[in-house]
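Let us take a walk through this model together, with the structure open beside the text. Keep your viewer ready to jump from residue to residue.

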Amino acid sequence: MAYADYMPTIGPSILRRTNGAALSRTTGAALDDQRNRLLQGVLARFPLKGNVDANGAYGPPPPDALDQQLADRNLRRGPGESDASAGARVQNAWDDYVFAGSHWGVLRQLQIAGYAAMNSLQDNGRYAHLTGSTGVIATDLAFGTLMTCADRAGVPPGWTSDDRRGAYWSQWGLLFTADATDLQTVGGQAILNSIVADWGPGTAKYLGAWVILAGVVWGWPTTMQWGDGGLNWGGNSVRFIPPDGSPAIVTGP
Amino acid sequence: MTTIADIVPTFTDDAIKAKLLGYLQDSETPVTDWNSGAFIRSLMVQWQQVLITYAGVPNPDPQLRQRIVAGGLPLLPASPTAEASSWLTLVADQWFKTTRNFSLLGAQVAGTFTVQNVTLTCDGSHGPYSVTPGSHIVRSPVTGNRYISNGSGTIPTSGSVTIAFRSEYQQDSSNGFNYSDGAGTLTDLSANPLPGVTASNVAPSFSAVSTSPSPSVGAGTMTVGGATPAAPTAYDVQILTDGQVTAATFQYRANGGPWIGPNTTSASFAIPSGPTLTFVNDGLGANPSFIHGDRYYFTSPGTPITTAGVDPETDAALLLRILGRWPNLDAIPDEKHRAWAKQASPLVTRVRVSQDSTRPGYYVVTIAGKANPLAGGVQTAVQLYIDQRESVGAISDVELATVYSVVMTGTVYVPAAKMAAVQAAAAARWNDYVNGTDIGGIIRVVVLEQFLRDAGATNVASLSPLEVALGATFVAVPSDIIASLTWVAV
């Protein structure tokens with residue numbers, strides 16, 4: 001029973017008459033309002049049942065409360081992502097955490113944040129990329145081998161993050177095959193590095209991200225060899241985004 | 001230090017009254033008592049009753065302050081009220097993605113429904129009748145329990161139809177809602193009489209076949225059909241030796257009586273005066289399909305209950321499942337691979353992880369089951385499961401353990417009268433020991449000697465080999481010691 005209805009029934013007789021009852025009702029209504037705000041404040045901590053209407057139907061919490069819930073779990077709302085989708089990810093965080101450190105963990109979080117066309121490459125021979133955006137690992141994640149990358153004498157085959165490959169096999173990086181705004185801006189690059197820091201492995205060193213702006217880059221596409229078509233000296237352009245937040249470097253035109 | 005009890009104390013009516021009087025005295029109003037009906041006294045009574053709904057006992061309205069705390073601290077001991085339970089339900093669902101055993105859209109605390117198959121039969125002078133979900137009720141004259149049609153169908157003239165009926169209320173045995181009505185008891189259609197129609201929840205000839213462990217280690221299946229026994233009977237079937245159909249052997253028993261066997265698995269094995277068992281190999285190619293130790297069991301007759309209602313999940317049980325959401329904190333890579341391999345397939349029971357000595361960052365994950373080698377499909381499933389979770393920088397190669405047959409030789413002296421029993425007992429324990437040895441483990445002959453003597457052997461001689469140290473990727477399988485040892489009756 002609402003306090004606005006309850007209080008006029010329990011007051012002294014003076015508060016049950018016309019003016020007194022109005023005062024009791026008004027006071028009760030103020031309590032009802034506080035009570036509802038307290039209840040909504042409590043519910044705001046829940047991702048999918050974050051408010052309740054007068055009929056008892058649940059709805060999402062206020063958007064800013066949901067953003068806080070995401071932040072509490074080291075998650076980010078994607079560009080234009082709905083409350084329902086973000087709330088489901090908060091609720092599902094338990095099942096996502098187990099993929100932290102894996103290719104899927106990194107790539108999926110980048111995808112949610114709006115990045116696209118990325119490959120995660122490990123120096124010792126494997127790469128991964130996403131083939132869909134359903135959020136289901138079985139259908140979205142694909143692996144490939146980097147053992148067919150351009151080989152050089154004296155070092156094992158595989159992707160080359162830098163000239164230390166072979167000595168530092170536990171290195172990895174990201175390679176974007178297409179440029180995008182969030183790879184050009186300082187803010188977008190900072191978010192990229194932040195996601196990698198949160199979801200990347202603790203057992204391998206992240207060297208940075210390469211964005212192919214034009215042409216090709218050494219070792220990518222994976223099967224390209226010296227003399228293949230498309231390897232035109234002087235026409236290739238790559239932006240490297242360092243992991244430490246220092247300015248990106250463009251190599252080539 | 002302020003505690004939760006300080007923040008959200010449970011006030012009594014008198015305690016609130018004392019607090020209000022205290023506030024008045026703080027404002028220099030010394031009076032603590034007024035005549036009945038006095039304005040201040042009446043006003044205080046009104047506010048006492050308002051405030052007690054926030055924090056007091058008894059509780060005419062939800063206790064808001066306590067609820068705020070319960071809504072944030074699931075492990076906080078709460079009073080056993082539906083209100084507190086509903087908050088726990090919400091916290092479990094929203095924060096831990098763990099749903100209590102009922103839909104949140106239903107009652108806040110409730111069990112699940114029981115579903116039974118009911119056969120409706122119509123005579124030749126009436127019908128046909130249509131039954132739709134919710135259209136008809138059948139009742140047990142024994143318990144008074146009512147069931148509502150949950151499926152649909154047509155009762156033909158001079159014929160019958162079997163339709164699922166759902167219990168009227170959810171199972172909640174502690175509050176008197178117990179829907180375990182036996183076969184032949186749901187006969188009363190008086191709530192919606194249909195001329196010429198009778199009802200009964202008829203039990204099928206046999207129950208579904210269950211296994212222990214569940215799922216069974218062997219991937220083969222056993223089904224049951226044919227004749228029913230003269231009296232209700234519970235059957236157990238236990239696999240004795242590994243193999244495919246016609247090679248694997250089994251024993252069976254009725255109502256917990258003596259085991260009968262060994263028998264050979266086949267596509268049609270008739271139990272005398274009872275049902276016929278049908279063994280079928282795994283369709284995906286697992287070999288052997290039947291593994292010793294697996295047990296299959298069923299009853300005759302079965303039960304018309306297709307879904308047994310479950311009592312409401314208690315808060316304690318739900319809390320336990322919430323805590324189970326926390327992942328294993330063991331970060332040792334080897335242990336992760338072991339866990340992943342077993343999560344990928346229940347057929348994987350043994351895992352050995354080693355770092356590749358020539359390829360940096362590579363792991364070799366060798367897997368084995370109770371029956372080896374495991375099927376190629378299992379290897380593929382484990383490889384995919386690990387790939388999807390592997391840390392960037394690591395790569396695992398999942399390999400099937402190489403089978404090594406452990407052949408023991410030697411001489412065993414046994415009293416003639418006990419020969420068969422000693423052989424069977426010793427072989428069973430030896431098989432379990434060898435099958436339980438880890439990949440790359442060590443098989444020791446002293447264990448066999450112990451088993452033989454425990455079983456009743458009077459002496460042993462020249463048992464060999466003394467020790468079998470398996471290679472790092474090898475898994476042992478026992479050979480038949482009854483055949484390989486020399487048995488001397490004394």
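## A walk from salt bridges to cavities

B:Arg100 is buried, with 3% relative accessible area. This is a predicted model, so please read every value below as computed from its atoms. What does the side chain of B:Arg100 meet in a salt bridge? The partner is B:Asp315, at 2.9 Å from N to O. B:Asp315 sits in helix α6 (residues 315–323) of chain B, while B:Arg100 belongs to the loop between α5 and β1 of that chain, so the pair ties together parts that are 215 residues apart in sequence. Unlike its buried partner, B:Asp315 is partly exposed, at 25% relative accessibility. The cut-off explains the two labels, because buried means under 20% relative accessible area.

Staying in chain B, we find a salt bridge between the side chains of B:Asp397 and B:Arg359, with 2.6 Å from N to O. Here B:Asp397 is part of strand β19 (residues 395–400) and B:Arg359 is in the loop between β17 (350–355) and β18 (362–368), so this pair ties together parts that are 38 residues apart in sequence. Both ends have some access to the probe: B:Asp397 is partly exposed at 24%, and B:Arg359 is partly exposed at 30%.

Next, let us look across the chains. Which side chain of chain A meets B:Lys97 in a salt bridge? It is that of A:Asp95, at 3.8 Å from N to O. B:Lys97 lies in the loop between α5 (82–96) and β1 (115–122) of chain B, and A:Asp95 in helix α5 (residues 93–97) of chain A, so the pair joins two chains. B:Lys97 is partly exposed, with a relative accessible area of 38%, and A:Asp95 is partly exposed too, at 31%. Over all chains the count comes to 19 salt bridges. In chain A, a network of salt bridges links A:Asp67, A:Arg77 and A:Asp83.

Residues from both chains also take part in a nonpolar surface patch of about 250 Å², made by A:Ile14, B:Phe39 and B:Ile40. B:Ile40 is found in helix α3 (residues 39–55) of chain B. Its relative accessibility is 34%, which counts as partly exposed.

Now for the empty space inside. Rolling a probe the size of a water molecule over the atoms shows where such space is left. The structure holds two cavities of 30 Å³ or more. Which residues are closest to the centre of the largest one? Of the 15 residues in its lining, they are B:Ala286, B:Pro288, B:Leu347, B:Ala371 and B:Leu374. This cavity has a volume of about 110 Å³, and its lining has eleven nonpolar, three polar and one charged residues.

The second largest cavity has a volume of about 40 Å³. Its lining is formed by A:Asn74, A:Leu75, A:Arg76, A:Gln109, A:Ile112, A:Ala113, A:Ile195 and A:Trp199. Helices α6 (103–112) and α9 (186–199) of chain A each supply at least two residues of that lining. By class, the lining divides into five nonpolar, two polar and one charged.

Some backbone details in chain B deserve a stop as well. The peptide bond from B:Gly127 to B:Pro128 is cis, with omega near -5°; B:Pro128 is in the loop between β1 and β2 (129–131). Another cis peptide bond runs from B:Gly261 to B:Pro262, with omega near 10°, and B:Pro262 lies in strand β12 (residues 260–264).

Which sign does phi have at B:Ser158? Phi is positive, about 55°, although this residue is not a glycine. B:Ser158 occupies the loop between β5 (153–155) and β6 (159–167) and is exposed, with a relative accessible area of 56%. B:Thr246 also is not a glycine and has a positive phi, of about 85°. B:Thr246 is in the loop between β10 (233–241) and β11 (249–254), and at 59% relative accessibility it counts as exposed.

We can finish with two spans through chain B. B:Ala199, in strand β7 (residues 197–200), is buried at 8% relative accessibility. From B:Ala199 to B:Tyr129 the C-alpha distance is 13 Å, with their places 70 residues apart in sequence. B:Asp438 lies in the loop between α9 (419–435) and β22 (442–444) and is partly exposed, at 36%. The C-alpha atoms of B:Asp438 and B:Val392 are separated by 29 Å, and the two residues are 46 apart along the chain.

How values were computed
Residues numbered from 1 in each chain as written. Chains lettered and ligands numbered in written order. Predicted model: local features only at pLDDT ≥ 70, side-chain atom pairs only at ≥ 80, totals over all residues. Heavy atoms only, no water. 1 Å grid on protein atoms, 1.4 Å probe; cavity = no way out; pocket = protein on both sides within 12 Å on 5 of 7 lines; lining within 4 Å. Points joined across faces, edges and corners; volume = space filled by probe spheres on them. Nonpolar A, V, L, I, M, F, W, Y, C, P; charged D, E, K, R; others polar. Helix = DSSP H or I, 4+ residues; strand = E, 2+ residues; numbered from the N terminus. Salt bridge = Lys/Arg side-chain N within 4 Å of Asp/Glu carboxyl O. Buried < 20%, exposed > 50% of the residue type's maximum accessible area, 1.4 Å probe, protein only. Patch = residues over 30% accessible without salt bridge, like charges linked within 9 Å, V, L, I, M, F, W, Y side chains within 5 Å. Areas by Shrake-Rupley, 256 points an atom, 1.4 Å probe, with all protein chains shown as cover.
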